[in-house]
Amino acid sequence: VGDAFLVPFLEEYGVQLTGLAIASYKVADDAIIAIRTHCRALQHLRLVNLAEVTAAALIGLFVLDQSQVRSSSTTKLPTDSLGPLSSVDLQGGVSVFDEAIVQLLSNYGRSLQSLNIHGCNQLTNRAAASIWLHGYHALKTLDISFLRKFSEAAVGKIIDCCGNLELLRIWGCTQITEQLLSGHNNINLQIV
C-alpha cells in the first residue's frame, strides 16, 4: 500500500474515520497531507515505521498554524485541525523529530491519553519538555522505549508533572537508574 491507494481512499472515506493505522508501508508526504486534509474526526492515529515521510510533513500534520511549518513545499495545509486525538503511535519513525512532538502536544495535549514514541531516536529533552508542559492533562500511557537522548532528569520531570500517568514503558532506556524507578511519588504509575 502506498500513496497511490491511500490518498484516494482518504479523500473518499477520511471524513468518517475515527481511527487510522498505517505501518511499514511505502507511504510518503502526500498521504500525510491527505490525512491532514480529510481526517477531521480522528481519535486514534498510528503511523509506524514510515521511512519515506519527511519531518516537515509530520510536523505539518500536527501544527495548527501552517506558517510554523518550515518546508520547501508549496502545498498549502488546511487550517482546520485533526480530530480530538486521544492516542498517537509514532513508533520507529525516522522522521519524528522534536518539533513534531512539540506541535502534537502543544495542539492536542489536552485530549491525548496515549503516546508511543518508542524508538524515535532523534528525540531529545526538548520533546520530553513538551510532554511535561503540554501532555500532563490527560496522558495515561507513554512509551519512550529506547529513547536514550531523554535524560533521567527529563523522565523524572515527566513522571512528576503527568499526574494521570498510569503506564510508562522505558525498555532500552539505559540512562534510567534505580533511583528514578524507586524514587518517584506517583503511586499509581507502573514502569515497565
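**Sheet, helices and a small set of buried sites**

S86 sits in the loop between α3 (55–62) and β3. The model is a predicted one, in which local features need pLDDT of at least 70 and side-chain atom pairs count only at pLDDT 80 or more, while totals for chains, interfaces and linings use all residues. Residues are numbered from 1 along each chain as its sequence is written, and side-chain values use heavy atoms, with hydrogens and water left out. Helices (H or I, at least four residues) and strands (E, at least two) are DSSP runs, numbered from the N terminus. With a relative accessible area of 15%, S86 is buried; that word stands for under 20% relative accessible area, exposed for over 50%, and partly exposed for anything in between (1.4 Å probe, protein chains only). Leaving aside residues up to four places away in sequence, S86 touches Q43, H44, S111, L112, Q113 and S114, where contact means heavy atoms within 4.5 Å.

Now for the sheet. It is open and built from seven strands in the order β1-β2-β3-β4-β5-β6-β7, with parallel pairing. The edges are β1 and β7 (190–191), each of which pairs on one side only. Two strands are taken to pair if DSSP finds at least two bridges between them. In general, strands of a sheet pair through backbone hydrogen bonds, either parallel or antiparallel. Here β1 and β2 (residues 44–48) run parallel and are joined by five bridges, with A23 partnered by V48 of β2. On to the next pair: three bridges link β2 to β3 (residues 87–89), again in parallel, and L45 has V88 of β3 as its bridge partner.

Strand β1 (residues 19–23) shows a neat in-and-out pattern: L20 and I22 point to one face and are buried, whereas G19, A21 and A23 point to the other face and are not. Together with helix α2 (residues 29–38) and β2, strand β1 makes a right-handed β-α-β unit. Right-handed here means that, with the strands pointing away from the viewer, the path from the first strand over the helix to the second runs clockwise.

Two helices further along the chain can be described by what covers them. In α5 (residues 125–134), the buried residues are A127, A128, A129, S130, I131 and W132. Their cover includes α4 (98–108), β4 (114–116), β5 (141–143) and α6 (152–161). Helix α6 in turn buries A154, V155, G156, I158 and I159, and these pack against α5, β5, β6 (167–169), α7 (178–183) and β7. Within α6, G156 counts as buried because its relative accessibility is 12%. The C-alpha atoms of G156 and H184 are 7.4 Å apart, although their positions lie 28 residues apart along the chain.

Just ahead of α5, in the loop that follows β4, comes L123. L123 counts as buried because its relative accessibility is 0%. Apart from residues up to four places away in sequence, L123 touches V96, F97, D98, I101, I117, L147, K149 and F150. One of these contacts, I101, is 22 residues from L123 in sequence and 8.5 Å from it in space, C-alpha to C-alpha.

What about backbone oddities? Most residues other than glycine have a negative phi, and most peptide bonds are trans. N49, in the loop between β2 and α3, has a positive phi near 55° without being a glycine. At 37% relative accessibility, N49 counts as partly exposed. F146 also has a positive phi, near 65°, and lies in the loop between β5 and α6. At 35% relative accessibility, F146 counts as partly exposed.

Finally, the empty space. A cavity is a set of points, on a 1 Å grid over the protein atoms alone, where a 1.4 Å probe fits but cannot get out; lining residues have an atom within 4 Å of a point. Grid points are joined across faces, edges and corners, and a volume is the space filled by probe spheres set on the points. The count comes to one cavity of 30 Å³ or more, and the largest has a volume of about 70 Å³. Its lining is made up of L47, N49, L50, V53, L58, L90, G93, V94, S95 and V96. By class that gives seven nonpolar, three polar and no charged residues, with Ala, Val, Leu, Ile, Met, Phe, Trp, Tyr, Cys and Pro taken as nonpolar, Asp, Glu, Lys and Arg as charged, and the others, Gly among them, as polar.

How values were computed
1 Å grid on protein atoms, 1.4 Å probe; cavity = no way out; pocket = protein on both sides within 12 Å on 5 of 7 lines; lining within 4 Å.
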